[in-house]
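This report describes the strand arrangement of the structure shown below. It follows the pairing of strands, residue by residue where possible.

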Amino acid sequence: MEKMLRVTLISNAGLLLEYDGITLLLDGIYGREGHPFSNLAPETWRKLTAGEPPFEKVDYLLFSHAHPDHFSPEMTMEFLRRREVKGVFLPQTRSVGESGLADLLKERGIPAVFLSEQTDRAAFRIEPEITVRAFSTLHLDKKFRQVHHFCYLISFGEKNILFTADVDYTTEDFSRIRRFPLRAVFVNPLFFGELRRGRFFHGTLDAPSICIYHVPFSQDDGMHMRPVLAREMVAWPPEKTAVLCDAFQHIDL
């Protein structure tokens, strides 16, 4: 019997991934200001640090890039002082060193993979049926070209799931992962709209499921992303797409 992967939206691009008793938190610990997206609700942060449902067990922390709507070194340190994890994947950035996070990981003996272009071809088997691959890409916003940005290809058994965060889809064609048949791909609303129009993305993302995330909650949607996304969805078959845009909404893959 095929094992189920449950993906739960925490906030913004923060996802809780649960598979066969193992839990990964991707881009789920991030700052409270400095971006136009939804923050972690205070109650969600309290539950996360206290280990209350659905955060009774968080085995691994993964971060795509060091932007305040994806990653906070200081909050990650606070979390690690209260909770135990098996490992951390994070970009190799100055903020990680200056914040003291790298030192804390070393002091606590927490296995950490500091992502760089040198780790692009590495496959990290973190559990018998879970393998993590992170590959360096450009950030979509040209003013953040120097930001170390990573997409994650995570294999849960035979299910290969791609998480694209804020990838620059105008320069990335995903040719390096074509040998992996995708079960699902997670994209932000801008990338989703481009998949429909095909003006700037010249690659291939062939997956049975396209999941849209990185969407502000209704009360925070000053950019009006939600109504634009709703219009984009009209052109897509509902059985192929899923939208995670509300706290603790989940899908099973």
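## A phenylalanine pair in the second sheet

F163 stands opposite F186 in strand 11. Strand 10 and strand 11 (residues 182-187) are parallel partners, joined over four bridges. Two strands are taken to pair if DSSP finds at least two bridges between them. Strands are DSSP runs of E of at least two residues, and helices are runs of H or I of at least four, numbered from the N terminus.

The model is predicted: local features require pLDDT of at least 70 and side-chain atom pairs count only at pLDDT 80 or more, whereas totals for chains, interfaces and linings use all residues. Residues are numbered from 1 along each chain as its sequence is written, and side-chain values use heavy atoms, with hydrogens and water left out.

## Strand 10 and its surroundings

Strand 10 (residues 159-163) is largely enclosed by the rest of the structure, because five of its five residues are buried. Buried denotes under 20% relative accessible area, exposed over 50%, and partly exposed in between, with a 1.4 Å probe and protein chains only. One side of strand 10 carries K159, I161 and F163 and the other N160 and L162; all are buried, and both faces are thus covered.

On pairing with strand 9, strand 10 runs antiparallel over five bridges, and S155 stands opposite N160. Two residues lie between the strands of this hairpin, in which G157 adopts a positive phi near 60°.

## The sheet of strands 7 to 13

Strand 10 belongs to an open sheet of seven strands in the order 7-8-9-10-11-12-13, with mixed pairing. Strand 7 (124-127) and strand 13 (241-243) form the edges, each pairing on one side only. From one strand to the next, the twist averages 20°; axes are lines fitted to C-alpha atoms, for helices over the stretch in contact, and angles run from 0 to 180 degrees between N-to-C directions.

Strand 8 (residues 130-137) and strand 9 (residues 149-156) are antiparallel and share eight bridges. Within this pairing, T131 has S155 as its bridge partner in strand 9.

## The sheet with strands 1 and 14

Another open sheet of seven strands has the order 6-5-4-3-2-1-14, also with mixed pairing. Its edge strands are strand 6 (112-115) and strand 14 (250-252), each of which pairs on one side only. Here the twist averages 15° from one strand to the next.

Strand 1 (residues 5-11) and strand 14 run antiparallel and are joined by three bridges. T8 stands opposite H250 in strand 14.
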